[in-house]
Structure formats: structure tokens, C-alpha cells
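Opened the file today to go through charged pairs, then strand pairing. Notes below, in the order I looked things up.

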Amino acid sequence: MKQTVERHRTPGTRGSVLHAAAGYDWLAWFFMFGRERIFREKVLRLARVESGESVLDVGCGTGTLAIAAKRQVGPSGSVYGIDASPEMIARASRKARKASVQVFFKNAVAEALPFPDAHFDAVLSTLMLHHLPRKARQQCAREIRRVLKPRGRVLAVDFASAARERRSLVGHFHRHGHVDIGEIIAVLSEADLKTVESGAVGISDLRFALAVPSCCVS
């Protein structure tokens, strides 16, 4: 288990990067209490992902959510996933091929997204922001705003409380970080992204914030 959560620094990012991809899927299943499929479906609903849209998953891990997003947007839509860990990207690519689903995975960092301006209808950031120090979160949010279409939206999901986790069985195995939902909303706001909905995901101690470019809020 120690190897599963081992963290390293990757050039180009100031955040922590998980490289042991083999155990990541099991860890996600364990942390979600076996409700990972329900979690993915809830994330896509909260992000209002629709058929034909272009979607980016920032910090995509082993690609499970990106693959689900591709099934949601269908053949007329497109999904990209980026992660700072080449091991995660390699595993995600294998999973997509096995599932016969076309998702474009790239090894890249959240602070410098390799996409043109105003390219995506929806950007997803799930369980990733707590890996970044605040300055890197701010840069990530600015990059998300840059690649988001004027009427696009971003959904950020992360752990809300370290204290509860430390008391749990899961916390005994995996000491994740956390980001207060107020901090997420503040970082998005600094990047000209207005939060229009926020709250509990309903699984574990997860909270979400859904934001859109401030220019599109009436």
C-alpha cells in the first residue's frame, strides 16, 4: 500500500504526483466504498456534460472518468485527459483501448495545459487540487479559464476535511490532503470563474464547486 500512494515531484509542476498507477484503481474503489461508478455518474451530472461536447479531465489519473465522459458525449463529442504522471497516462490509454473508446490522453501538467484558448465546453478536476500548493492551484485555475469556452463550465471536486479522514479506516491506509470548498471557490473566482453551484457530492467527504466564466453570469 505504501507504494500505491508514493508521491514524487515531476518537472514542470510544483504539485505532488502519484506514479504507482497499478494500485490506483483499487485505491479509488476502496476510498469510494465501492461506489466509484456512482461517483463518476454524479460528477458528469453535476458538470452537465451533454452529447457532442468537448471535455477535458485535468489530473485524469488512470482515465476512468474520462472514459465515462466519452461515453456521455458520444461519437460527435471529444474527451481529453491530462496527467503529470506518465504511468497514469499509460494505464489510462490501455484502459481506453480495451474499452474501444477514443479518449486523447496527454502527459502534461495542470499549470500549463497544452490546448488552445476557448477549446472546451466542460473541464473536470476531481480529487486533484489538493495535490497542488496554492500558487499552482491559482495557475491551474487560470489555465482552465483560458481553455474554457465563453459559455463553458468547470467542475472541481475534492476532499473537504482532513480531520474526519484521519479518524476513518480509509485515512489509516491513505492520508490524502484536502482543500476547503471556500478555498476552491476563491481560487476559481481569482481566475474570473464564478461559482454557480456548490455542495456535498454525497460520497465520502467530497465537496464540489461548479463555475462558469464571470462574463456569462447575468
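Salt bridges came up first, and I count eleven of them in the structure. Worth keeping in mind that this is a predicted model.

**Entry 1: Glu197 and Arg48.** I pulled up this salt bridge and got 3.2 Å between the closest N and O atoms. The two partners come from distant parts of the chain, 149 residues apart. Glu197 sits in strand β8 (residues 193–200), while Arg48 is in the loop between α2 (36–46) and β3 (54–58). Buried or exposed, I wondered about Glu197? Neither: Glu197 has 32% relative accessibility, so I filed it as partly exposed, since that class runs from 20% to 50%. Arg48 comes out at 43% and is partly exposed too.

**Entry 2: Glu53 and Arg153.** Here the closest N and O atoms of the salt bridge are 2.5 Å apart. Which parts does the pair tie together? Glu53 is in the loop between α2 and β3 and Arg153 is in strand β7 (residues 148–159), so the bridge joins parts that lie 100 residues apart in sequence. I checked accessibility as well, and both Glu53 and Arg153 are buried.

**Entry 3: Arg134 and Glu190.** I found this salt bridge with its closest N and O atoms 3.1 Å apart. Arg134 belongs to helix α5 (residues 134–147) and Glu190 to helix α8 (residues 181–190), which puts them 56 residues apart in distant parts of the chain. Arg134 is partly exposed, at 33% relative accessibility. I then followed the contacts outward and ended up with a network of salt bridges linking Arg134, Arg137, Glu183 and Glu190.

**Entry 4: strand β4.** Moved on to the strands and picked β4 (residues 78–83). How many of its six residues are buried? Five are, so the rest of the structure largely encloses this strand.

Next I looked up what β4 pairs with. β3 and β4 run parallel and share five bridges, and Leu56 has Tyr80 in β4 as its bridge partner. With helix α3 (residues 64–73), these two strands form a right-handed β-α-β unit.

β4 also pairs with strand β5 (residues 104–107), again in the parallel sense, over four bridges. Tyr80 turns up here as well, with Phe104 in β5 as its bridge partner. The chain gets from β4 to β5 through helix α4 (residues 86–98), and I noted that β-α-β crossover as right-handed.

Conventions. Residues are numbered from 1 along each chain as its sequence is written. This is a predicted model: local features need pLDDT of at least 70, side-chain atom pairs count only at pLDDT 80 or more; totals for chains, interfaces and linings use all residues. Side-chain values use heavy atoms; hydrogens and water are left out. A salt bridge is a side-chain nitrogen of Lys or Arg within 4 Å of a carboxyl oxygen of Asp or Glu. Buried means under 20% relative accessible area, exposed over 50%, partly exposed in between (1.4 Å probe, protein chains only). Two strands pair if DSSP finds at least two bridges between them. A crossover is right-handed if, with the strands pointing away from the viewer, the path from the first strand over the helix to the second runs clockwise.
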